[in-house]
Amino acid sequence: MRTATRRFLLWVCLLPLAACTGTRSAGPRAEAEAPPSASTVVLLVRHAEKASEGGNDPALTPAGQQRAQALLDVAGSAGVSAIYTTQYRRTHDTAQPLADKLGVALTERAISAGAQAHATELAREILTQHRGETVLVVEHSNTLPSILAELARVQLPQLGDNEYDRLFVVVVPPSGPARLIQSRYGAPSAP
């Protein structure tokens, strides 16, 4: 299963190369041509399994820690150059193994003005500051649908309380509609 997931993510990360148009030829005209633009690839997951105790900011359970390692396995070679989390420990702890491996700092964006405003601002920031890059976003069951709607212009139902294994990949080409790929990673979530 891990090998299949890795191949899938490698394929997804190669999609931006396929989106590039135009060829460069040798000669004086080649210098005048603008380089082709790459697609922006956004990997989105919900934080891993959280403990039932801990108030508003619980830690990850042992299963959640395993899922954070599974995220490292599937996204570790995807070319991630930026990682976004919220202010909550569970999002940090889910992303930290990957951040440590890649040497990428976590970028925290607090949810303060509600899920929709948060989604709009986060999508705008990713699409302007990380154009042509691969970005990981670790969020919550109530914010992911809004972020997906902003990035891919699709409406998804709210994630269930026990759904932690969903992986969404949004490929935003330089022009044309975004594409959404839905997958799963790590151990299957409890029903």
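A residue is called buried when its relative accessible area is under 20%, and this cut-off applies to the views below, which show a predicted model.

**View 1. His118, a buried residue of helix 5****.** His118 belongs to helix 5, which covers residues 115–129. Because its relative accessibility is 7%, His118 counts as buried. From this position the side chain of His118 reaches the backbone oxygen of Ala110 at 3.5 Å. When neighbours within four places in sequence are left aside, the residues in contact with His118 are Thr86, Arg109, Ala110, Ile111, Glu139, Thr143 and Ile147.

**View 2. The largest nonpolar core and the elements that build it****.** This core holds 22 residues, and the members that touch the most others are Leu43, Leu71, Ile83 and Leu136. Two or more residues each come from strand 1 (40–46), helix 3 (62–75), strand 2 (80–85), helix 4 (89–102), strand 4 (134–139) and strand 5 (166–172). Among these elements, helix 3 gives the most to the core, with five residues.

**View 3. The surroundings of Leu71****.** Once neighbours within four places in sequence are set aside, Leu71 is in contact with Val45, Gly76, Thr94, Leu136, Val138 and Tyr185. Of these residues, Leu136 is, like Leu71, one of the members that touch the most others in the largest nonpolar core.

**View 4. A second nonpolar core****.** Separate from the largest core, a second one is made up of 19 residues, including Ile126, Ile147, Leu148 and Leu151. One of these, Ile147, also appears in the list of residues in contact with His118.

**View 5. Arginines over tyrosine rings****.** Arg67 is placed over the face of Tyr185, at 5.6 Å from the ring centre, and Tyr185 is also in contact with Leu71. Arg90 is placed over the face of Tyr88, at 4.9 Å from the ring centre. As for pairs between aromatic rings themselves, the count comes to zero.

**View 6. The whole protein, for orientation****.** The secondary structure consists of six helices and six strands, which follow one another from the N terminus in the order α-α-β-α-β-α-β-α-β-α-β-β. Of the 191 residues in the protein, 45% are buried, while the exposed area is about 9,700 Å², of which carbon and sulfur atoms supply 52%. Among contacts with a separation of 6 or more, 64% join residues that are 24 or more positions apart.

Key. Residues are numbered from 1 along each chain as its sequence is written. This is a predicted model: local features need pLDDT of at least 70, side-chain atom pairs count only at pLDDT 80 or more; totals for chains, interfaces and linings use all residues. Side-chain values use heavy atoms; hydrogens and water are left out. Rings of Phe, Tyr and Trp (its six-membered ring) pair if their centres lie within 6.5 Å; planes under 30 degrees apart count as stacked, over 60 as edge-to-face and the rest as tilted. A charge sits over a ring if NZ of Lys or CZ of Arg is within 6 Å of the ring centre and within 35 degrees of the ring normal. A nonpolar core is a set of buried Ala, Val, Leu, Ile, Met, Phe, Trp, Tyr and Cys residues joined through side-chain atoms within 4.5 Å. Buried means under 20% relative accessible area, exposed over 50%, partly exposed in between (1.4 Å probe, protein chains only). Helices (H or I, at least four residues) and strands (E, at least two) are DSSP runs, numbered from the N terminus. Contact means heavy atoms within 4.5 Å. Accessible areas come from the Shrake-Rupley method with a 1.4 Å probe; for residues, only the protein chains shown count as cover. A polar contact is a pair of N or O atoms within 3.5 Å; within protein, one must be able to donate a hydrogen and the other to accept it, and residues adjacent in sequence count only if both atoms are side-chain atoms.
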